[in-house]
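Q: I have a model open and want to learn how to read its contacts. Where do we begin?

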Number of protein chains: 2
Amino acid sequence: MSEFDPQLSTRHQILAEALSCFASAGYEGTSLNDIAAGVGIRRPSLLHHFGSKELLYQEVFENLLSDWFDRLADAIGSLETGWIKVELVLRAGFRFFADNPNYVRMVRREALDAGDHMAVDLAAVLRPMFDLAASYFERAMDEGIFVRQDARQLLITGYGALLSYFSDEPFLEGLLDVSPLSPEALAAREEHVVAFFRAALIP
Amino acid sequence: MSEFDPQLSTRHQILAEALSCFASAGYEGTSLNDIAAGVGIRRPSLLHHFGSKELLYQEVFENLLSDWFDRLADAIGSLETGWIKVELVLRAGFRFFADNPNYVRMVRREALDAGDHMAVDLAAVLRPMFDLAASYFERAMDEGIFVRQDARQLLITGYGALLSYFSDEPFLEGLLDVSPLSPEALAAREEHVVAFFRAALIP
DNA sequence: CTACCGCTACCTACCGGTAGGTAGGTGCTG
DNA sequence: CAGCACCTACCTACCGGTAGGTAGCGGTAG
């Protein structure tokens, strides 16, 4: 096996299955047997690849964060300014979440727990980016490009608007008539979010 | 014991402790020993009051829902119309959540799980209210009172904006400098949410 | 008044089941 | 032969739940 099909290696299969399990059942609700069974091996074999449940969880989470940062880097680093840039970042975030709803559900669970099983200090990791974004908005508001608002509250609202749709997808499934993750529903959601923030920000 | 101090009865103490535990650690993450210890009794004594963990959880959740409905009934039933009414409901919801952040965290966990341990079909319970609110908004948009928008998406965004702040409070604690539940922070959040939706709805 | 009854709230001790983790062996591959 | 991936068998800890016993209360019959 080894090298010539890296994405199908047992290790990667375990990581993928673990992400799915942790996202849908949470850390406590997922047993190593569940993950091992999904891959088609026994629990001790899984523990041969990852020393402990906690280590496996951490690695899943670190992959999640680095994927996320990579994906956002382009949009954030773009040379656009003002609303164009905000819309770019908003859409990039939305599409990343749409592609990886399991990531969103895992982050949401981590935000809910925040410190219990201190696998990753999510807040500490995101704080620099949060502060940067806040001061970006404040500068733009000073210049009159955006309507004056509480920048941090705005970011929290954006965070909630983006994440909730995907994290609570199992719930929204029962509230709507179409699957929240169907292409039409996703498109409608994306346009709504963009329109909503445009309305609140453009003078 | 019996009747003359109902709010301090063992039963109520158990319900309160269970709410707190389920909210912060989830259903799987909470053991009956945790709850019993918080009350100062043994697990079998707890099970004497509530036949099983599942029954205890259901009772906690049903109390939550009925509290919630009671609190919102006034605002929804008010004779106000247009934006005034929306603001009234928004503020009533916000204050109820601010008073009961544990409720929010429990609902959020239920929305994340949605159907796993089918304790309560939250979506089915809320759906009538959701549909009612959506058609209210659509009618108001037809009459030109509100800006034309996707009413259901709007409601989901409101749901996310209200809930996320409280459900992810442990996380936001690390992202901000002040406690998200401090009076000043709460006031700032409430005004932001109201202002945000006013901007998006008022023509 | 008291002796007994039935009931509630609590306890200790225990059950079967499952969790995460370890020890040690087997077989394939370079 | 060395090393890796995987296995079976086993461990301890803890889970939800049950069995069975006890202390204390209010009512009531002798």
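A: Begin with a definition: a polar contact is a pair of N or O atoms within 3.5 Å. Keep in mind that this is a predicted model.

Q: What lies 3.3 Å from a phosphate oxygen of DNA strand D?
A: A polar side-chain atom of Ser31(B) does. The side chain of Asn33(B) places an N or O atom 3.1 Å from a phosphate oxygen of the strand. For Arg42(A), a polar backbone atom is 2.7 Å from a phosphate oxygen.

Q: How many residues surround DNA strand D?
A: There are 16, and the closest include Arg42(A), Ser45(A) and Lys53(B). Of the strand's atoms within 4 Å of the protein, sugar and phosphate account for 59%.

Q: Which element gives the largest share of the surface near DNA strand D?
A: α3(A) does, with four residues. From chain B, α2 (32–39) and α3 (43–49) each supply at least two. By class, this surface has five nonpolar, eight polar and three charged residues.

Q: How is the size of an interface often given?
A: As the accessible area lost when the parts come together. Here, chain A and chain B bury about 4,100 Å² between them, with 63% on carbon and sulfur atoms. Leu112(A), Phe171(A) and Phe196(A) supply 18% of the area that chain A buries against chain B, more than any other three residues.

Q: How many salt bridges does the rule find across the interface of chain A and chain B?
A: Six. One joins the side chains of Arg108(A) and Asp168(B), at 2.6 Å from N to O. Polar contact links 25 residue pairs across this interface. On the side of chain A that touches chain B, α8(A) has the largest share, 11 residues.

Note on methods. Residues numbered from 1 in each chain as written. Chains lettered and ligands numbered in written order. Predicted model: local features only at pLDDT ≥ 70, side-chain atom pairs only at ≥ 80, totals over all residues. Heavy atoms only, no water. Near = heavy atom within 4 Å. Polar contact = N/O pair within 3.5 Å; in protein donor to acceptor, adjacent residues only side chain to side chain. Nonpolar A, V, L, I, M, F, W, Y, C, P; charged D, E, K, R; others polar. Buried area = accessible area lost by both parts, 1.4 Å probe. Salt bridge = Lys/Arg side-chain N within 4 Å of Asp/Glu carboxyl O.
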